[in-house]
Amino acid sequence: MGVLEKVKPRTTREARSWVDVLPLDTILRQDCIEAMRALPAKSIDMIFADPPYNLQLGGDLNRPDGSHVDAVTDEWDKFDSLSAYDRFTRAWLAEARRILKDDGTIWVIGSYHNIFKVGSAIQDLDFWILNDIIWRKANPMPNFKGTRFTNAHETLIWASTGEKSRYTFNYRSMKTLNDELQMRSDWEFPICGGPERLKKDGHKVHPTQKPEALLYRILLASTKKGDVVLDPFFGTGTTGAVAKRLGRRWIGIEREQVYVDAAYARIEAALPLDESALTTMQAPKAAPRVAFGQLVENGYLAPGTALTDAKRKHRALVGADGSLKCGDATGSIHKVGAILQNAPSCNGWTYWHVEAEGVLKPIDVLRQTYLLATQP
């Protein structure tokens, strides 16, 4: 991909036309700073960044049974000093700020090794921090040496370009995704595993591949259909695969050819959602609690799937944010079920059914399957 001409747009109409010159749905095999410098100013709607964590690991790590832990030992995660990592962080964040639109936002994920340095740089560059999100891992790797607490979470920083920015936040979609409760800043997802984890010759293709459910929530929360999402540390293409599913455009930047190849193959296989599924909501508990939206995020129910009541009287389609649409009725599984029955409330888990191999099953069966798969 050639270097794009740097031309500053003079009008709002010209700024919107950047989509015509951006390398959309393409992976730029370059250094991230170099690649971002070639992109037009104020041309990107959202950035998701999973930069090197600078883990500073010394020696191999083994489990108590002697088996080797496939940890991050790649050259791209190594820096000569903390000051060198600081310079790298500030350089790529400065370019990220330049290419973000005034109403754009940036998400950066990290661990305790680097997230505080990233946060400091973000504030020094006059971004405005909106939230810090805790990704609590449902199945974290144990601390095999028994010398520290189990590291069971990572931190995401979500920031806008300034305090007055008119950034995108799809509040209603997040509330619907969470069964009509406000989405909190602590999210629980399992680490990437199973068939989603890309492997080659029995080994992980990438040591820190992120789960698609995490990116699904981020993109659904802070972008709109057709928005351009940039990932400057693209890896194996989680951001691109989810962007394609949700009808967003994407640009990836990645230096390692093995990751580029894996990402293109993965994104090629990703199926975009049906148009109707992309129309999302605008505007005593069982333990552990599972929101219907979690089943959608984690692929247990695909957006666009048809649900019916037990007698097949009503048919509703699942939206990308976990909402249902049945005629004029739109909302959560509980709200739509109540409207259709003209009742004050409804247990959507038992009212709605999905057909599998010719048999109708309550969606609560999928909830129990998800719990069995994710609980330790």
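Tutor: Contact here means heavy atoms within 4.5 Å. Keep in mind that this is a predicted model.

Student: Which residues is Thr155 in contact with, leaving aside neighbours within four places in sequence?

Tutor: Start with its place: Thr155 sits in strand 5, residues 153-160. Apply the 4.5 Å limit between heavy atoms. Leaving aside neighbours within four places in sequence, the contacts of Thr155 are Val108, Ile109, Gly110, Ile115, Asp132, Ile133 and Ile134.

Student: Is Thr155 buried or exposed?

Tutor: The cut-off for buried is under 20% relative accessible area. Thr155 has 13% relative accessibility, so Thr155 counts as buried.

Student: Ile115 is one of those contacts. Which residues of helix 4 are buried, and how do they lie around the helix?

Tutor: The buried residues of helix 4 are Ile115, Val118, Gly119, Ala121 and Ile122. Looking down the axis of helix 4, these buried residues fall within an arc of 165°, so they line one face of the helix.

Student: What covers that buried set, and which residues are exposed on the other side of helix 4?

Tutor: The cover over the buried residues of helix 4 includes helix 3 (82-99), strand 3 (100-110), strand 4 and strand 5. On the other side of helix 4, the exposed residues are Phe116 and Gln123.

Student: Which residue with a positive phi follows helix 4?

Tutor: Look in the loop between helix 4 (115-124) and strand 4 (128-137). A residue there has a positive phi of about 70° although it is not a glycine. Helix 4 is followed by this residue, Asp126.

Student: Asp179 has a positive phi too. Are Asp126 and Asp179 buried or exposed?

Tutor: Asp179 lies in the loop between helix 5 (171-177) and strand 6 (186-189), and its phi is about 55°. Exposed needs over 50% relative accessible area, and buried needs under 20%. At 54%, Asp126 is exposed. At 13% relative accessibility, Asp179 counts as buried.

Student: Now helix 8. How far apart are its end C-alpha atoms, and what span should its residues give?

Tutor: Helix 8 has 13 residues, 257-269. At 1.5 Å a residue they should span 18 Å. That agrees with the distance between the end C-alpha atoms, 19 Å.

Student: Which residues of helix 8 are buried, and where do they fall around the axis?

Tutor: Tyr259, Val260, Ala262, Ala263, Arg266 and Ile267 are the buried residues of helix 8. Seen down the axis of helix 8, they fall within an arc of 165°, so they line one face of the helix.

Student: What covers this face, and which residues of helix 8 are exposed on the other side?

Tutor: The cover over the buried residues of helix 8 includes strand 1 (26-28), helix 6 (212-222), helix 7 (238-245) and strand 10 (249-253). On the other side of helix 8, the exposed residues are Glu268 and Ala269.

Student: What is the relative orientation of helix 7 and helix 8?

Tutor: Thr238, Gly240, Ala241 and Lys244 in helix 7 meet Arg266, Ile267 and Glu268 in helix 8. The two axes come within 9 Å and cross at roughly 15°. Angles under 35 degrees count as roughly parallel. Helix 7 and helix 8 are therefore roughly parallel.

Student: And what is the relative orientation of helix 6 and helix 7?

Tutor: Glu212, Leu215, Tyr216 and Leu219 in helix 6 meet helix 7 residues including Thr238, Ala241 and Val242. The axes are 9 Å apart, at an angle of about 55°. Helix 6 and helix 7 are therefore oblique.

Student: What is the handedness of these two crossings?

Tutor: Take helix 7 and helix 8 first: that crossing is right-handed. The crossing of helix 6 and helix 7 is right-handed.

Student: Which helix 8 residues does Thr236 touch?

Tutor: Thr236 is found in the loop between strand 9 (228-231) and helix 7. At 2% relative accessibility, Thr236 counts as buried. Its contacts, not counting residues up to four places away in sequence, include Leu198, Val205, His206 and Gln209. Those in helix 8 are Tyr259, Ala262, Ala263 and Arg266.

Student: How far apart in space are Tyr259 and Gly237, C-alpha to C-alpha?

Tutor: Tyr259 lies in helix 8. At 4% relative accessibility, Tyr259 counts as buried. Tyr259 and Gly237 are 22 residues apart in sequence, and their C-alpha atoms are separated in space by 8.0 Å.

Methods
Residues numbered from 1 in each chain as written. Predicted model: local features only at pLDDT ≥ 70, side-chain atom pairs only at ≥ 80, totals over all residues. Heavy atoms only, no water. Helix = DSSP H or I, 4+ residues; strand = E, 2+ residues; numbered from the N terminus. Expected span 1.5 Å × (residues − 1). Buried < 20%, exposed > 50% of the residue type's maximum accessible area, 1.4 Å probe, protein only. Arc of directions from axis to C-beta. Axes fitted to C-alpha atoms, helices over the stretch in contact; angles between N-to-C directions. Parallel < 35°, antiparallel > 145°, perpendicular 65-115°, else oblique. Left-handed = near helix turned anticlockwise from the far one by under 90°.
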